[in-house]
There are 2 protein chains.
Amino acid sequence: MRLSRFPLSTTKETPADAEVVSHQLLLRAGFIRKLGAGLYTWMPMGLRVLRRIETIVREEMDRAGAAELLMPSIQPAELWQESGRWKLMGAEMLRIKDRHQNDYCYGPTHEEVIVHHAKQDVRSYRQLPFNWYQVQTKFRDERRPRFGLMRAREFLMKDAYSFHMDAADLDREYQNMRVAYAKVFERIGADFRIVQADSGNIGGAKSEEFHILAGSGEDLLAVSTVGSYAANMEAAACPPSGKPRPAASQALEQVSTPGQKTCEQVSKFLSVALTAKVKLLVAKGREGGLVAIALRGDHELNEVKAAKHPLIASPFEMAKIEDVQAAFGCEVGYLGPVKCPVPVIADHAALEIADFVCGANVNDHHLKGVNWGRDCDVAPGYDLRKICEGDASPDGQGEIKFYRGIEGGHIFQLGRKYTEAMSFTVLDEQGKAVTPEMGCYGIGVSRLAAAVIEQRHDKDGMRWPDAIAPFRVLICPIGTDKSERVKAVAEQLYADLLAAGVDALLDDRGLRPGPMFADADLVGIPHRVVIGEKGLAANQYEYKKRGAEKADMIDASVAAVLERLNA
Amino acid sequence: MRLSRFPLSTTKETPADAEVVSHQLLLRAGFIRKLGAGLYTWMPMGLRVLRRIETIVREEMDRAGAAELLMPSIQPAELWQESGRWKLMGAEMLRIKDRHQNDYCYGPTHEEVIVHHAKQDVRSYRQLPFNWYQVQTKFRDERRPRFGLMRAREFLMKDAYSFHMDAADLDREYQNMRVAYAKVFERIGADFRIVQADSGNIGGAKSEEFHILAGSGEDLLAVSTVGSYAANMEAAACPPSGKPRPAASQALEQVSTPGQKTCEQVSKFLSVALTAKVKLLVAKGREGGLVAIALRGDHELNEVKAAKHPLIASPFEMAKIEDVQAAFGCEVGYLGPVKCPVPVIADHAALEIADFVCGANVNDHHLKGVNWGRDCDVAPGYDLRKICEGDASPDGQGEIKFYRGIEGGHIFQLGRKYTEAMSFTVLDEQGKAVTPEMGCYGIGVSRLAAAVIEQRHDKDGMRWPDAIAPFRVLICPIGTDKSERVKAVAEQLYADLLAAGVDALLDDRGLRPGPMFADADLVGIPHRVVIGEKGLAANQYEYKKRGAEKADMIDASVAAVLERLNA
């Protein structure tokens with residue numbers, strides 16, 4: 001390709017509204033252009049990266065035995081009503097009325113559609129298992145789209161759905177997809193982690209996310225320093241430590257703590273460690289009413305975990321302050337599990353301390369020397385908190401360190417949630433109707449492009465790996481206005497590289513070296529060959545790998561260039 | 001690919017709601033599945049055809065020097081307000097409100113978006129000309145979606161947009177695209193015609209459509225029996241014949257024609273040919289008021305042409321009957337150009353007859369022996385009618401014959417309509433701001449798949465050309481339940497063909513020959529190799545080309561198969 005064919009428009013200035021590096025560089029290099037909030041056009045140079053990622057994803061899905069199809073972006077509401085999600089999905093789902101006032105949505109995901117089609121075409125166990133995938137545009141109406149491609153409203157996704165006669169076969173395909181996904185992430189040159197995840201409102205039992213590690217990542221990951229444990233914050237487990245609770249050694253005592261409402265204030269006021277305090281939060285109960293949650297003073301509530309407790313409302317909601325004050329007869333800064341007027345559940349860690357401090361359920365007063373079992377019932381234990389850096393890894397190997405990650409893929413074992421809701425059955429060998437098990441597997445194709453940039457860039461621009469670079473090699477002829485020879489040699493090298501099957505880009509815009517090299521670094525093509533009169537006099541080209549300290553002189557031959565490309 | 005990997009579901013029954021052959025066969029062969037009105041999922045086998053067409057389109061666009069980009073499907077209303085089309089587009093444009101109640105549409109076309117981006121990135125004549133294209137999902141909210149892919153609501157389209165410093169350069173690129181389109185239509189194996197077309201509400205001067213000829217086509221085409229003239233009905237020109245009007249030979253006479261309102265009735269009642277009658281239709285005027293249109297009795301009004309007349313409202317609208325009766329003082333069956341109370345314009349053919357019959361502008365009366373110039377002013381002549389079969393070709397070569405066609409492509413010279421409305425200028429060599437000329441070029445990628453089927457099918461199913469077939473060759477092993485040898489030979493041939501780069505499909509479902517061959521014919525893969533014990537005993541395979549009368553026995557070797565594929 002010749003650069004003269006792209007009206008490539010690059011800028012030195014960092015766009016004001018671009019907060020992360022990938023967004024800044026994609027705009028500066030003219031890879032994408034904004035059309036509206038969370039809406040981006042892929043300009044020719046950027047689209048080449050997207051297509052390369054798409055091709056890698058497709059190759060690995062095909063290799064793994066999935067079959068590609070293509071479902072409409074616009075989906076009838078009826079299917080979502082059938083699955084029960086029409087009401088559950090919030091404002092993120094773009095709802096549409098057609099000219100006849102019928103309800104549709106712009107598909108944020110395709111579970112309903114795929115089950116609908118499977119019902120039409122699949123009736124026998126002989127047709128199972130199968131895995132259908134598509135690469136399709138999705139829309140999620142984010143309240144505040146930002147970070148460019150990272151949290152766009154319209155984006156490109158690969159979504160796959162598999163169907164199985166039993167859970168064991170689903171698990172087999174889940175592992176198959178896990179391997180295929182790992183290959184995709186390796187091939188695009190990403191440093192990634194597979195982390196345990198919560199299934200969220202998509203439902204199902206087991207799920208894992210593929211995260212590209214980057215300081216700008218929106219997600220916090222808990223990764224063990226030893227072994228393979230990794231989970232996102234929502235899913236990271238905090239099991240009981242296994243250590244028995246120490247015996248009580250202090251007497252219960254009510255102390256005056258005027259105006260001391262937060263754990264930090266009380267801890268300081270009474271000179272006790274935060275870890276020796278129990279705090280009480282109050283949530284809405286699943287059947288109405290209130291439920292108190294006891295946490296150790298230094299811990300934070302994990303609402304996703306809490307919402308799974310059978311007593312607590314799902315989705316999780318904190319109780320209203322006025323309701324809490326009415327029930328407890330005191331302000332929310334002074335709550336505690338002793339003589340608590342509502343049911344109490346406790347995080348495991350809160351149950352493992354003795355002689356703790358907590359609110360007295362009396363304004364301006366706390367209790368000291370409190371002990372479970374002696375001063376109040378031992379609350380039922382549950383995993384309710386967010387994991388902390390330095391915690392022991394839940395698998396017992398090493399301790400937890402936090403990383404930031406960009407979610408690029410997500411695999412789920414959905415079980416029978418959708419097949420059951422939509423009454424999809426097949427006949428087994430005995431002619432009995434069986435509800436298939438289902439898995440689903442997504443990759444954010446357009447997001448991956450941005451995530452790779454977050455990992456691979458320097459002050460001058462992007463640094464694409466060969467596998468997904470818009471072009472592999474850039475030919476920069478210098479001084480073509482003065483030298484016909486440079487021009488001719490550059491054209492010949494360009495033609496020879498194309499003939500050798502190398503995806504070469506020729507900068508035939510006639511720019512001066514400064515702007516030409518600045519563009520080259522910004523666009524981040526992995527290999528650069530500079531052709532100038534001076535080099536040609538010694539029968540040499542200048543070769544530089546993007547990101548290398550220095551350029552080298554090489555023989556002025558295709559063979560020499562190919563040798564560097566394949567080094 | 002192995003057929004066992006597709007849960008392919010075929011049927012013998014013709015689906016009740018499928019009116020055209022392509023829709024019937026696509027459903028029967030499991031190539032597509034309906035999701036909702038005008039919404040179809042491409043199942044794995046069908047998607048392969050779509051992707052092949054897409055690839056051919058992309059190759060020809062790249063070869064012609066266009067650069068691919070990808071614009072969002074969802075477009076902000078602001079851009080359409082800027083071009084003035086937000087109000088002009090009817091209910092076919094799917095309008096959407098996001099969570100913040102901002103207006104968007106699902107793009108039916110992308111002129112506004114592309115001009116918006118060109119404005120952002122292109123400022124100098126040096127960056128022109130360029131041609132940007134995309135392959136993107138479009139949505140048109142058809143009132144009555146039908147004929148399957150032919151008139152679906154969501155469909156895949158290739159749309160390209162070019163920008164130029166002057167009209168001559170636009171014309172050059174238009175011809176370049178015309179050649180590229182012809183190559184696409186040739187490569188997909190279609191019998192097509194390039195016809196002159198009206199630009200419709202997209203605007204602009206010159207446009208042509210690429211039609212695939214098929215009896216089921218929605219469009220009527222006027223094609224000359226000699227030479228290259230071809231146009232769609234809206235655009236087919238009806239210039240003056242060049243013959244002078246005969247001299248008047250009859251006296252003007254008012255005759256009683258009680259209850260005879262239509263041309264046919266009057267013609268019969270007065271025993272005059274329809275071609276000797278002038279009828280008067282009344283349309284709304286561009287500045288309000290009414291305008292009368294005189295046509296020869298046997299001709300029909302072409303509303304698209306009429307709307308281009310400066311006196312007539314655009315879009316065209318017939319006058320209300322009560323307004324006509326109020327103006328003329330008689331019923332609409334008795335109108336004529338003599339003493340006409342509103343301005344009259346006439347189709348050229350109506351001006352070429354003498355001694356004609358027309359309404360008397362008096363109830364139950366007509367005039368005979370009417371002559372332009374003598375009995376009323378000679379109305380200004382204009383091309384206002386639909387062309388008829390048997391008419392002389394407008395280019396003077398041969399006469400017109402009608403064909404039915406399916407519009408698969410459309411190329412336009414838009415001129416400055418959008419660049420001007422959206423204030424897109426570039427600086428020319430002298431530093432003067434110039435508004436670029438614009439062209440646009442569309443191919444209905446998904447529609448092409450259906451159109452090819454309309455041309456290429458027989459009673460047993462589809463007949464794909466090699467270039468866009470889902471697979472090139474189908475391997476059918478017979479009796480694999482009894483013969484391990486047949487199974488092994490089929491597997492080996494499958495592996496050998498793949499190794500030779502041939503896109504082979506192995507029917508490993510273990511079906512009996514009847515259903516296996518029925519599926520083969522229905523799916524329409526161009527080459528079929530049957531492997532059975534009987535043939536193998538003589539060291540032979542059976543080869544059959546789809547659509548051939550008979551099968552042949554060939555050597556049981558890859559070489560022999562390849563020879564047939566490449567014959």
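Biologist: By what turn and what shift can chain A be laid on chain B?

Modeller: The general idea is that two copies of a chain are related by a rotation about an axis and a shift along it. Here, chain A goes onto chain B with a turn of 180 degrees and a shift of 0.0 Å along the axis, leaving an RMSD of 0.2 Å. That's the relation of a two-fold axis. The C-alpha of chain A nearest the axis belongs to Ile96(A), 3.0 Å from it. The fit is by least squares on C-alpha atoms of residues with pLDDT of at least 70 in both copies.

Before we go on: this is a predicted model, where local features need pLDDT of at least 70 and side-chain atom pairs count only at pLDDT 80 or more, while totals for chains, interfaces and linings use all residues. Residues are numbered from 1 along each chain as its sequence is written, chains are lettered from A and ligands numbered from 1 in the order written, and side-chain values use heavy atoms, without hydrogens or water.

Biologist: What share of the contact residues of chain A recur in chain B?

Modeller: 100% of them, so the same surface serves both copies (contact means heavy atoms within 4.5 Å).

Biologist: Now the sheet in chain B: in what order do its three strands lie?

Modeller: Strands of a sheet pair through backbone hydrogen bonds, either parallel or antiparallel. In chain B, the order is E4-E6-E5, an open sheet with antiparallel pairing. Strand E4 (74-76) and strand E5 (94-97) of chain B are the edges, each pairing on one side only. On average, neighbouring strands are turned by 35 degrees against each other, direction ignored. Those angles, on a scale of 0 to 180 degrees between N-to-C directions, use lines fitted to C-alpha atoms. E4(B) and strand E6 (residues 103-106) of chain B are joined by three bridges, and Pro76(B) sits opposite Tyr104(B) in E6(B). Pairing takes at least two DSSP bridges; strands (E, at least two residues) and helices (H or I, at least four) are DSSP runs numbered from the N terminus.

Biologist: How many residues of helix H12 in chain B are buried?

Modeller: Ten of the eleven in H12 (residues 445-455), including Val445(B), Leu448(B) and Glu454(B). Buried means under 20% relative accessible area, exposed over 50%, partly exposed in between (1.4 Å probe, protein chains only).

Biologist: And how many disulfides are there?

Modeller: A disulfide is a covalent bond between the sulfur atoms of two cysteines. The search finds zero over all chains, the cut-off being sulfurs within 2.5 Å. Take Cys388(A): the closest cysteine sulfur, in Cys238(A), is 7.1 Å from its own, too far for a bond. Cys388(A) is partly exposed, at 21% relative accessibility.
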